[in-house]
Amino acid sequence: MQEINADIQQVLAQALSATGLSAHWEQRAFPQHTGDGYVAGLDPEVLPALVGCFPGALSDVLHEYRRQNPGKSPLQLRVSVHVGPLPPSGLGVPMVETHRLLDDQTLRDLLAKAKRANTVMIISQRVYEDVFQSGLETGSTVAEDFAQNIAKAKKFAQPAWLHVPGLDWGLADRSLFEVPEQSSTAPPSQGTRREDSQPASAPSFVQNGNGNFQGQHQYFNGGVGGLR
């Protein structure tokens with residue numbers, strides 16, 4: 001477990017560096033080991049880059065990891081991203097829901113069935129709307145690269161969105177998905193796929209109130225990422 005966790009942190013750091021988020025990662029809040037996984041909080045301003053560019057970067061790093069470590073078992077990772085207010089400890093409903101999203105069986109099935117896939121991502125409905133309705137840059141990733149599903153784990157059941165870097169959803173087994181009967185309004189179509197594949201940069205802004213995740217305030221409005 002110690003070796004796996006060290007490897008996971010290494011590939012995370014490399015993928016986030018390729019996405020332009022190294023500085024944010026170095027200032028991450030409430031980092032925790034979860035046995036064969038890792039969870040941490042980041043500032044919500046990085047959500048467009050985290051959703052749009054990070055999955056592909058992580059997949060590339062994992063392919064390189066496999067090439068450089070032929071004697072090790074290949075790493076395959078499930079990633080969940082959620083957003084919401086949390087105290088400095090990270091304990092709260094958004095953290096619990098992040099773990100529930102990660103435990104969704106459809107996400108597990110995708111990782112097992114998608115050929116050559118080493119990365120699958122699930123994001124909450126709130127993250128999906130915040131990212132794709134914001135109009136901010138998400139690299140080459142568009143809303144249509146995500147497939148809607150009802151994420152279920154224990155007593156948890158909420159709409160969520162699934163993404164596998166490089167996967168054409170037209171080729172996916174649609175019987176895997178359970179789509180809400182009354183789907184939330186999808187974000188406006190983004191038209192043709194962006195040709196600019198450069199990582200999305202986190203927008204700069206002046207932040208007031210209790211939005212700091214460094215613990216000076218009781219809560220921070222931040223993105224929570226789980227990975228396993």
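Is Arg-126 buried, partly exposed or exposed? Arg-126 is partly exposed, with a relative accessible area of 42%. Keep in mind that this is a predicted model, so read what follows as a description of that model.

**Charged pairs**

Arg-126 has a partner: Asp-130 forms a salt bridge with it, and the closest N and O atoms are 3.9 Å apart. That falls inside the cut-off, because a salt bridge needs a side-chain nitrogen of Lys or Arg within 4 Å of a carboxyl oxygen of Asp or Glu. Both residues sit in helix α7, four residues apart, so about one helical turn separates them. Asp-130 is partly exposed too, at 38% relative accessible area.

The structure has five salt bridges in total. Another one joins Glu-3 and Lys-72, whose side chains meet at 3.3 Å, N to O. This pair links distant parts of the chain: Glu-3 belongs to helix α1 (residues 2–18), while Lys-72 is in the loop between α4 (54–68) and β3 (77–86), 69 residues apart. Glu-3 is partly exposed, with a relative accessible area of 49%, and Lys-72 counts as partly exposed at 31%. Asp-7 comes into the picture as well, since a network of salt bridges links Glu-3, Asp-7 and Lys-72.

Then there is Arg-108, which forms a salt bridge with Asp-103. Here is how three of the bridges line up:

| Salt bridge | Closest N to O | Relative accessible area |
|---|---|---|
| Glu-3 and Lys-72 | 3.3 Å | Glu-3 49%, Lys-72 31% |
| Arg-108 and Asp-103 | 3.3 Å | Arg-108 33%, Asp-103 24% |
| Asp-130 and Arg-126 | 3.9 Å | Asp-130 38%, Arg-126 42% |

**Aromatic rings**

Back to helix α7, this time for its rings. The structure holds five aromatic pairs. One of them is Tyr-128 with Phe-132, a tilted pair with 5.1 Å centre to centre and 55° between the planes. These two residues lie in helix α7 (residues 125–132), four residues apart, or about one turn of the helix. Tyr-128 is buried at 4% relative accessibility, and Phe-132 is buried with a relative accessible area of 4%.

Tyr-128 has another ring partner in Trp-161: that pair is stacked, at 3.7 Å centre to centre and 0° between the planes. Since Tyr-128 lies in helix α7 and Trp-161 in strand β6 (residues 156–163), the pair ties together parts that are 33 residues apart in sequence. Trp-161 counts as buried, at 7% relative accessibility. Add Phe-146 and you have a cluster: ring pairs link Tyr-128, Phe-132, Phe-146 and Trp-161.

**Nonpolar cores**

In soluble globular proteins, nonpolar side chains tend to be buried together. Which residues have the most contacts inside the largest nonpolar core here? They are Phe-54, Leu-58, Val-81, Ile-123, Val-127 and Phe-146, in a core of 35 residues. Several elements each supply at least two residues of this core, namely α1, β2 (38–42), α3 (47–52), α4, β3, β4 (119–124) and α7. The largest share, six residues, comes from α4.

There is also a second, separate core, made of 19 residues. Its members include Leu-101, Leu-111, Leu-162 and Phe-177.

Phe-146 is worth a second look on screen: it belongs to the ring cluster and is among the residues with the most contacts inside the largest core.

Technical notes
Residues numbered from 1 in each chain as written. Predicted model: local features only at pLDDT ≥ 70, side-chain atom pairs only at ≥ 80, totals over all residues. Heavy atoms only, no water. Phe/Tyr/Trp six-rings, centres within 6.5 Å; stacked < 30°, edge-to-face > 60°. Buried < 20%, exposed > 50% of the residue type's maximum accessible area, 1.4 Å probe, protein only. Core = buried A, V, L, I, M, F, W, Y, C linked by side-chain atoms within 4.5 Å.
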